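Work through the exercises below with the sequence and the 3D view open beside you. Try each task before you read its solution.

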Amino acid sequence: MKLLATFLLLSAFGLCQGENLLLPLKISTYNGSGEVLIDKRSSLLGGISFASQSAGAVSFFNMLNNLKGDVGRGYYLEVLIGTPVQKMNILVDTGSSNFAVAGAANSNIKTYFKPKFSSTYMSRDLFVSVRYTQGSWEGELGIDVITIPKGPNGTITTNIATILQSEDFFLPGINWQGILGLAYSTLAKPSSSVEPFFDSLVKQIRIPNVFSLQMCGAGLSLIGEEQASPAGGSLVMGGIEASLYKGDIWYTPIKREWYYQIEVLKLEVGGQNLNLDCTEYNSDKAIVDSGTTLLRLPINVFDAVVAAIKQTSKVAEFADGFWSGNQLACWTSGTIPWSYFPEISIYLRGENSTQSFRITIMPQVRAELG
């Protein structure tokens, strides 16, 4: 699997307006030992399909704006399951590999999949259990037909788990009833022999083995305008929609095919290097995960980031509870506090081992990431 996924990191880093950064994750081997940091763009685009090219059953334009976002809770895609079809909203998650939908009533969801009403559903008589950083579920593995209205043309037969019990998985206020795991089969439960949804899509529809994500929720208030107009985005299956980004494409190697595990070289706060060892940033793994809106850091890195923000911010003093997330900071009406805080830059290794590039997170985006 030479190239599985490309991500338009537009939500996490606030790039849905202006110049967008496209960050494909491409598998390559790192044999170098140098730590020379050079901001340089890569334009190695071979093998990726664009909207202007023929891609069989793929119409990229049809996939534009096919995602809606629960700000702070992820992005979801409409899918049609079974015969006759049952419409569900499914969370798009690059941090797992199972396709699963609610198979029983839950107080936090509006609907659930009913296998007995689908003439094409077949049980595999396998128990499946998946645990995430937050939440878990248990259910039964089966097979059914799936169609994505704003996706590649055609219907596929794929593995689908019906969630019968869950804990802290379906959160209050969500608008989705399942999860679409887009990571490698290594993470699939109950074993890696369970073919993930996207692998089935590539084989049966015969689209290029690549997808790209655009997520446009960064900077929206959790209780503001998005309640009436949800954040949007696009999951482009089979290639890259050229109208969704500007400039060149940057590549970073995938170090291991399970999660989309990458390598963080360093972090800067307000332009100042934290000067931590590279192993600190990647303990125990650094992954790209569309299923969470949080920027999660190892405890040593988190402490160093907080200390650096305290040192470089223009705010004289905050209570300790603010930094631990237990206390809010308030400003008078009309005040825009973002200028008081520094930017945070994350450096990733480029495809060439002597190169790197940085992703800079603005304070107003970081506040929404949590």
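**Exercise 1.** Find strands β11 and β12 in this predicted model, and work out in which direction they run, parallel or antiparallel, and how many bridges join them.

*Solution.* Begin by locating β11 at residues 211-215 and β12 at residues 231-237. Next, follow the two strands along the chain, and you will see that they run antiparallel, with five bridges joining one to the other. As a check on the pairing, look at F211, which stands opposite M237 in β12. Finally, consider the surroundings of β12: a residue counts as buried when its relative accessible area is under 20%, and six of the seven residues of this strand are buried, so β12 is largely enclosed by the rest of the structure.

**Exercise 2.** Determine how far helix α3 reaches from its first C-alpha to its last, and list which of its residues are buried.

*Solution.* The helix covers residues 299-312, which gives it 14 residues. From the first C-alpha to the last it reaches 20 Å, and this is close to the 20 Å expected at 1.5 Å a residue. Now mark the buried residues of α3, which are V301, A304, V305, V306, A308 and I309. While you look at their positions, keep in mind that an α-helix has 3.6 residues a turn, so residues three or four places apart point the same way.

**Exercise 3.** Locate the cis peptide bonds that lead into P84 and P190, and say where each proline lies.

*Solution.* Take P84 to begin with: the bond from T83 to P84 is cis, with omega near -10°, and P84 is found in the loop between β4 (74-81) and β5 (86-93). Then turn to P190, where the bond from K189 is also cis, with omega near 5°. The place of P190 is in the loop between β10 (178-181) and α1 (197-205).

**Exercise 4.** For D168 and N275, find the value of phi and decide whether each residue is buried or exposed.

*Solution.* D168, in the loop between β9 (155-167) and β10, has a phi near 55°, a positive value in a residue other than glycine. Its relative accessibility is 53%, and because exposed means over 50%, D168 counts as exposed. N275 lies in the loop between β17 (272-273) and α2 (278-281), and its phi is about 60°, positive although N275 is not a glycine. With 62% relative accessibility, N275 therefore counts as exposed.

How values were computed: Residues numbered from 1 in each chain as written. Predicted model: local features only at pLDDT ≥ 70, side-chain atom pairs only at ≥ 80, totals over all residues. Heavy atoms only, no water. Helix = DSSP H or I, 4+ residues; strand = E, 2+ residues; numbered from the N terminus. Expected span 1.5 Å × (residues − 1). Buried < 20%, exposed > 50% of the residue type's maximum accessible area, 1.4 Å probe, protein only. Pairing = 2+ DSSP bridges.
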